[in-house]
Amino acid sequence: MGTEGEAAQRFLEEFVKEFPNPLGPEEPLPLSPLSSTVSPAEVQGESLDLALRLLRARNAPPALGAALSHAAVSELLKSDLSSFHTSPAPEQDCDLLKSEPLQRSFLNRLREVCSAWQWEPPPVPSRRRYLLTSSHAIRNTRRKMEDRHVELCDFDRLLGLQDNTERAYFAVFDGHGGVDAATFAATHLHVSLGQQEALRSDPAMALQKAFAHTDDLFREKAKRDVSGLCFLHTELLGILLPALGTLVQLFKLGVGALL
């Protein structure tokens, strides 16, 4: 077993030791979900966000963390989520799910995957090249940080893309007068991008469609969660590397909702 395999094995052992049993119905979550309720279209993004935050805080090897997150969310999405539905409100356009019990179920699936992989780890293809990245953020004179950034060197592994192309995803989301839109885009844009059929043949078009889809999702969320007159806006700056050494054109678009 090489160095990477040994690091992965150590992490799995430590994770299972920390979470030896499934979380019970009343046990607190180790991390708070981003939202109190989610639409079915938001489940994957919010679950992946929770998993990556949990695994990164425990220094999971990046490739392993991405693979674990994908495996766990795939199991969640195959299951019956009807027990997590909220009582529909009169103005509600779609079924909403309660985040806390939903994410408790998701984390139990993540624990199950870690436990299974501890004894039978799946083969993890090695990358042809490794990307070294770093980031730094300051809020300057603002009361709180309103911007968000995302670094996904294992974009394909996180979203289960298997086409012999190595992609990485980097994005900066500049919040204006609030963090809601920036947080939403940082959680869901890359998920939408991975679902675009055009990603393999025309990544620039795929990115544009992912922006539009994320905008639609955010508008629906804003209608549910914000009352009165409000404008939520963020400038989105996205970079996609469809293959190492090839850079897609930079996009700068806006996402917002006016109620």
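Begin by selecting two sets of residues in this predicted model: on helix α6, Asp-180, Ala-181, Phe-184, Ala-185, His-188, Leu-189, Ser-192 and Leu-193, and on helix α7, Ala-206, Leu-207, Ala-210, Phe-211, His-213, Thr-214, Leu-217, Phe-218 and Lys-221, since these are the residues through which α6 and α7 meet.

Now display the two helices in full, residues 180–194 for α6 and residues 203–225 for α7, whose axes come within 9 Å and cross at roughly 135°. At that angle α6 counts as oblique to α7, because the value falls short of the range over 145 degrees that would make the pair roughly antiparallel. As for its hand, the crossing in which α6 passes α7 is right-handed.

Next, return to the whole chain as a cartoon and follow it along the sequence, where seven helices and six strands come in the order α-β-α-α-β-α-β-α-β-α-α-β-β. If you colour the 259 residues by burial, 47% of them count as buried. Switching to a surface, you have an accessible area of about 14,000 Å² for the chain, with 53% of it belonging to carbon and sulfur atoms. Should you draw the contacts between residues at least 6 apart in sequence, 70% of them join residues at least 24 apart.

From the surface, move inside to the largest nonpolar core, which holds 56 residues, and pick out Leu-68, Leu-110, Tyr-169 and Phe-173, the members that touch the most other members. Helix α3, residues 62–78, gives this core its largest share, namely eight residues. Which residues does Leu-68 touch, once those up to four places away in sequence are not counted? Select Phe-11, Leu-12, Leu-55, Leu-110, Val-113, Cys-114 and Trp-117 around Leu-68 to see them; Leu-110 is thus a contact of Leu-68 as well as one of the four core members named above.

For the last stop, go to strand β3, residues 148–152, and select His-149. Is His-149 buried, partly exposed or exposed? Its relative accessibility is 40%, and therefore His-149 counts as partly exposed, a class that lies between the limits of 20% and 50%. Leaving aside neighbours within four places in sequence, the contacts of His-149 are Ser-135, Ala-171 and Val-172. Finally, add His-136 and draw a distance from its C-alpha to that of His-149: the two histidines, 13 residues apart in sequence, are 9.4 Å apart in space.

How values were computed. Residues numbered from 1 in each chain as written. Predicted model: local features only at pLDDT ≥ 70, side-chain atom pairs only at ≥ 80, totals over all residues. Heavy atoms only, no water. Helix = DSSP H or I, 4+ residues; strand = E, 2+ residues; numbered from the N terminus. Buried < 20%, exposed > 50% of the residue type's maximum accessible area, 1.4 Å probe, protein only. Contact = heavy atoms within 4.5 Å. Areas by Shrake-Rupley, 256 points an atom, 1.4 Å probe, with all protein chains shown as cover. Core = buried A, V, L, I, M, F, W, Y, C linked by side-chain atoms within 4.5 Å. Axes fitted to C-alpha atoms, helices over the stretch in contact; angles between N-to-C directions. Parallel < 35°, antiparallel > 145°, perpendicular 65-115°, else oblique. Left-handed = near helix turned anticlockwise from the far one by under 90°.
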